[in-house]
Amino acid sequence: MKITRQKHAKKHLGFFRNNFGVREPYQILLDGTFCQAALRGRIQLREQLPRYLMGETQLCTTRCVLKELETLGNDLYGAKLIAQKCQVRNCPHFKNAVSGSECLLSMVEEGNPHHYFVATQDQNLSMKVKKEPGIPLMFIIQNTMVLDKPSPKTIAFVKAVESGQLVSVHEKESIKHLKEEQGLVKNPEQRRRKKRKKISGPNPLSCLKKKKKAPDTQSSASEKKRKRKRIRNRSNSKVLSEKQNAEGE
């Protein structure tokens, strides 16, 4: 029975790896219901998950899941301890926490770019996850972990990609990476933001009062000499005219 479960898990992992780029370490997003089921079934997640998936795994959760477990009280104290030992992934509900199921669903939106697995016992959350293509789903049944087979939505999406009707997120990322390597598209980290010119105030030097120019002593002295020469010339001309008049008489 254990061998057949691992065969199915290997088959499903190969499907998600080839079509959606799922790779090690496998990031498993846990909610409170999955932690509680693991506690009741005495499942050692850190030891058994890597053996079942035949690869390195990372147990993850979110702040909203931890907050939800805290509000539910002592009945889920053991599940809260399991969740607290997981890596906490940043969710978009930093200020206002939401329910754990809503938070996990938001983490796998827009094509599940981080390749998360969703581990839950919540049937409503499982149905919503199956409506989104490319999200591996895990649950616990009869005290054993199970990786669910790809949903019909996921299989239909893969067929559409193969027929050329759609392009998967994994293919978009690989195309973008190739373009960046060939220099066709600039890496956004290398783009320099244009610096906006700061609106500067008036030049402080222009605000100063203009200094009055000191009078030029040399020019004033030369002007005085010219005036004196003119006066002398006038006086000499008067004397000459008077002599001429006297001689004429």
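This report describes the helices, the strands and the sheet of one predicted protein model.

The model is predicted, so local features need pLDDT of at least 70 and side-chain atom pairs count only at pLDDT 80 or more, while totals for chains, interfaces and linings use all residues. Residues are numbered from 1 along each chain as its sequence is written, and side-chain values use heavy atoms, with hydrogens and water left out.

**Overall make-up**

The protein chain holds 10 helices and six strands. Helices (H or I, at least four residues) and strands (E, at least two) are DSSP runs, numbered from the N terminus. The chain has 249 residues, of which 31% count as buried; buried means under 20% relative accessible area, exposed over 50% and partly exposed in between, with a 1.4 Å probe and protein chains only. Among contacts in the protein chain with a separation of 6 or more, 66% are between residues 24 or more positions apart. Contact means heavy atoms within 4.5 Å.

**The sheet**

Strands of a sheet pair through backbone hydrogen bonds, either parallel or antiparallel. Here six strands form an open sheet with mixed pairing, in the order β3-β2-β1-β4-β5-β6. Its edge strands, β3 and β6, each pair on one side only. From one strand to the next, the twist averages 35°. Two strands pair if DSSP finds at least two bridges between them. Four of the pairs are listed below.

| Pair | Sense | Bridges | Opposite residues |
|---|---|---|---|
| β1 (residues 26-30) and β2 (residues 57-62) | parallel | four | L29 and C60 |
| β2 and β3 (residues 87-89) | parallel | three | C60 and Q87 |
| β4 (residues 116-119) and β5 (residues 137-141) | parallel | two | V118 and L137 |
| β5 and β6 (residues 144-147) | antiparallel | four | I140 and M145 |

C60 has a bridge partner in β1, L29, and another in β3, Q87. T62 stands opposite R89 in β3. Strand β2 is mostly covered, with five of its six residues buried.

Between β4 and β5 the chain passes through helix α7 (residues 123-130), and this β-α-β crossover is right-handed. A crossover is right-handed if, with the strands pointing away from the viewer, the path from the first strand over the helix to the second runs clockwise. The hairpin of β5 and β6 has two residues between the strands, and Q142 there takes a positive phi near 55°.

**The helices**

Helix α2 (residues 32-40) has G32, F34, C35, Q36, A37 and A38 as its buried residues. R42, just after α2, takes a positive phi of about 55°. Helix α3 (residues 45-53) lies across β1, β2, β5 and β6, and runs at about 40° to β6. Axes are lines fitted to C-alpha atoms, for helices over the stretch in contact, and angles run from 0 to 180 degrees between N-to-C directions.

How do the axes of α4 and α5 cross, and within what distance do they come? The axes of helix α4 (residues 63-71) and helix α5 (residues 77-84) come within 9 Å and cross at roughly 160°. That makes α4 roughly antiparallel to α5; angles under 35 degrees count as roughly parallel, over 145 as roughly antiparallel, 65 to 115 as roughly perpendicular and the rest as oblique. On the α4 side the contact is made by L66, L69 and E70, and on the α5 side by A79, K80, A83 and Q84.
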